[in-house]
Amino acid sequence: MAEHTMTLRPIQQTDLPLFRSWLALPHVAKWYTEPEDWLYELEHREDEFRWLHHFIAECDGVPFGFGQFYEYRLSGETWHGTLPLEGAYSIDYLIGETEYLNKGFGKQIVLELIRRIHQQAGATRVLVQPEPENAASCHTLLSAGFRFDAENEVYVLDL
């Protein structure tokens, strides 16, 4: 298999129709069950949601997926269990284009998001809580170096 260059670039307004189309695909909609909420966040990424860092994943210049990272405490989410909030970040990611599924691109997105979080001052860990039934995402996180914290039911990567 030829080597392909995967890059993440900041999402642009012109990407929103493509992102909307990905959210409607069965393999994405199964896990991203509130598409209007995702679109609202992106439409308000310069103000209300400026603490989120949104990206489009491209392979050889072709958009195929999405990734974001954020400082966990700013989200108001409470699924971290007993893990400390200080320095914690989280990520979300998806592959929209079906021909890019099951080829290692999810792991590439995750590794690039981790690299960017590592550059954030004070970042100490990344927490992720995919649906337990989302075996592909759970496997991707483990292959990217996360460990499953059974007590808190989250995937953790210490930076």
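A salt bridge, for this tour, is a side-chain nitrogen of Lys or Arg within 4 Å of a carboxyl oxygen of Asp or Glu. By that rule, a search of the whole structure finds 7 salt bridges. What you have open is a predicted model, in which local features need pLDDT of at least 70, side-chain atom pairs count only at pLDDT 80 or more, and totals for chains, interfaces and linings use all residues. Residues are numbered from 1 along each chain as its sequence is written, and side-chain values use heavy atoms, with hydrogens and water left out.

**Stop 1: the whole chain**

Start with a cartoon view. The chain has 6 helices and 7 strands; helices (H or I, at least four residues) and strands (E, at least two) are DSSP runs, numbered from the N terminus. Followed along the sequence, the pattern reads β-α-α-α-β-β-α-β-α-β-α-β-β. The radius of gyration, taken over C-alpha atoms, is 15 Å, close to the 15 Å that the globule rule gives for 159 residues, so the chain is as compact as a globular protein of that length. The globule rule here is 2.2 Å times the number of residues to the power 0.38. If you draw a box along the principal axes, the C-alpha atoms fill roughly 40 × 40 × 30 Å.

Now colour by accessibility. Buried means under 20% relative accessible area, exposed over 50%, and partly exposed in between (1.4 Å probe, protein chains only). Of the 159 residues, 46% count as buried.

**Stop 2: the sheet**

Select the strands. They form an open sheet of 7 strands in the order S1-S2-S3-S4-S5-S7-S6, with mixed pairing. Two strands pair if DSSP finds at least two bridges between them. At the edges are strand S1 (6-10) and strand S6 (147-149), each pairing on one side only. From one strand to the next, the twist averages 35°.

Zoom in on S1 and strand S2 (residues 52-59): they run antiparallel and are joined by 5 bridges. Which residue in S2 is the bridge partner of Thr7? Pick Glu58 to see it.

**Stop 3: helices on the sheet**

Next, show H1, which lies across S2, strand S3 (62-71) and strand S4 (88-95) and runs at about 90° to S3. Then add H5, which packs on the sheet and touches S1, S2, S3, S4, strand S5 (125-128) and strand S7 (154-158). The direction of H5 makes about 150° with that of S4. Contact means heavy atoms within 4.5 Å; axes are lines fitted to C-alpha atoms, for helices over the stretch in contact, and angles run from 0 to 180 degrees between N-to-C directions.

**Stop 4: charged pairs**

Show Arg20 and Glu36 as sticks: they form a salt bridge with the closest N and O atoms 3.3 Å apart. This pair links distant parts of the chain, with Arg20 in helix H1 (residues 16-23) and Glu36 in helix H3 (residues 35-43), 16 residues apart. Arg20 counts as partly exposed, at 41% relative accessibility.

Return to helix H5 (residues 105-118), where Glu112 and Arg115 lie 3 residues apart, about one turn of the helix. Their closest N and O atoms are 2.7 Å apart in a salt bridge. Is Glu112 buried or exposed? At 16% relative accessibility, Glu112 counts as buried, while Arg115 is partly exposed at 42%.

Glu112 also meets Arg116 in a salt bridge (2.8 Å, N to O). Arg116 is buried, with a relative accessible area of 18%. For a last selection, take Arg9, Asp15 and Glu58, which salt bridges with shared partners join into one network.
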